[in-house]
Amino acid sequence: MILFSYSEFWLSLSFLIVVGMVVLPPVRQHIRSYLNQGRQKIENDIHESDRVYREALAGYKMAQKELRSKLVDKDLSDKIKQIHQAFDDKNKMQTTLKKQNIQIQQNLILMQMKTHLRADLLEGIQEGISKSCPSKKNTSKEIQHFLKVLHENKEQLRFSLKR
């Protein structure tokens, strides 16, 4: 059986190309803007944590100068170092968690986009077939033939949806 001799194949292929050209750029742009917002939020958080770090470092240096001038015991200096280390660890942990959260959100959006694209493509194919033959009703034989062609082209459809 030669696939290229069926008009349904060419109709389906052309519809998929048109739908891909119409649907994919706005979806891609929406995803980019969403991811840029997340990136901007992370950058703002990093700048805020950097500012807090600088303030803490300035306070630490000032406290160190006071300790040197007052000759206070070494335990206080060790406690300040521990607090400084705890602050650094907490800051790194928050940044890592936010990056992981963004990665998970990106993966979820991509999965949802694939699901919606598949559903939209199938609806579009069904609408295109129903619009191509408006004067006559589709018989069960034609529907079975269409399903058979879709089943035979399943791998090609999967390949085109993965792109």
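1. Quick ground rule before anything else: buried means under 20% relative accessible area, exposed means over 50%, and partly exposed is what falls in between. F9 comes out at 8% relative accessibility, so this residue counts as buried. Keep in mind that we are looking at a predicted model.

2. Sticking with F9, who is its aromatic partner? F9 pairs with W10 in an edge-to-face arrangement, with 5.2 Å from centre to centre and 75 degrees between the planes. The planes need to be over 60 degrees apart for that label, and the angle here is 75 degrees. A search of the whole structure turns up 1 aromatic pair. The two partners sit on either side of the burial cut-off: F9 is buried at 8%, while W10, at 44% relative accessibility, counts as partly exposed.

3. On to the charges. Side chains of opposite charge can pair when their charged atoms come close. The count here is 5 salt bridges, and I'd look at K98 with D45, where the N to O distance is 2.3 Å. K98 belongs to helix α2 (residues 74–132) and D45 to helix α1 (residues 7–70), so this contact ties together parts that are 53 residues apart in sequence. How accessible are the two ends? K98 is partly exposed at 34% relative accessibility, and D45 is partly exposed too, with a relative accessible area of 28%.

4. Next, a contact inside helix α1. The side chains of R54 and D50 form a salt bridge with an N to O distance of 2.2 Å. What separates them along the helix? R54 and D50 are 4 residues apart in helix α1, which means about one helical turn lies between them. As for solvent, D50 has a relative accessible area of 30%, so it is partly exposed.

5. Helix α1 also holds R51 and E55, whose closest N and O atoms are 2.5 Å apart in a salt bridge. Again the spacing is 4 residues within helix α1, so R51 and E55 are about one helical turn from each other. Which residues join them in a network? Salt bridges with shared partners link E48, R51 and E55 into one network. For accessibility, R51 is at 36% and counts as partly exposed, and E55, with a relative accessible area of 48%, is partly exposed as well.

6. If you only open the viewer for two things, I'd pick the edge-to-face pair of F9 and W10 and the salt bridge of K98 and D45, the latter running between helix α2 and helix α1.

Conventions:
Residues are numbered from 1 along each chain as its sequence is written. This is a predicted model: local features need pLDDT of at least 70, side-chain atom pairs count only at pLDDT 80 or more; totals for chains, interfaces and linings use all residues. Side-chain values use heavy atoms; hydrogens and water are left out. Rings of Phe, Tyr and Trp (its six-membered ring) pair if their centres lie within 6.5 Å; planes under 30 degrees apart count as stacked, over 60 as edge-to-face and the rest as tilted. Buried means under 20% relative accessible area, exposed over 50%, partly exposed in between (1.4 Å probe, protein chains only). A salt bridge is a side-chain nitrogen of Lys or Arg within 4 Å of a carboxyl oxygen of Asp or Glu. Helices (H or I, at least four residues) and strands (E, at least two) are DSSP runs, numbered from the N terminus.
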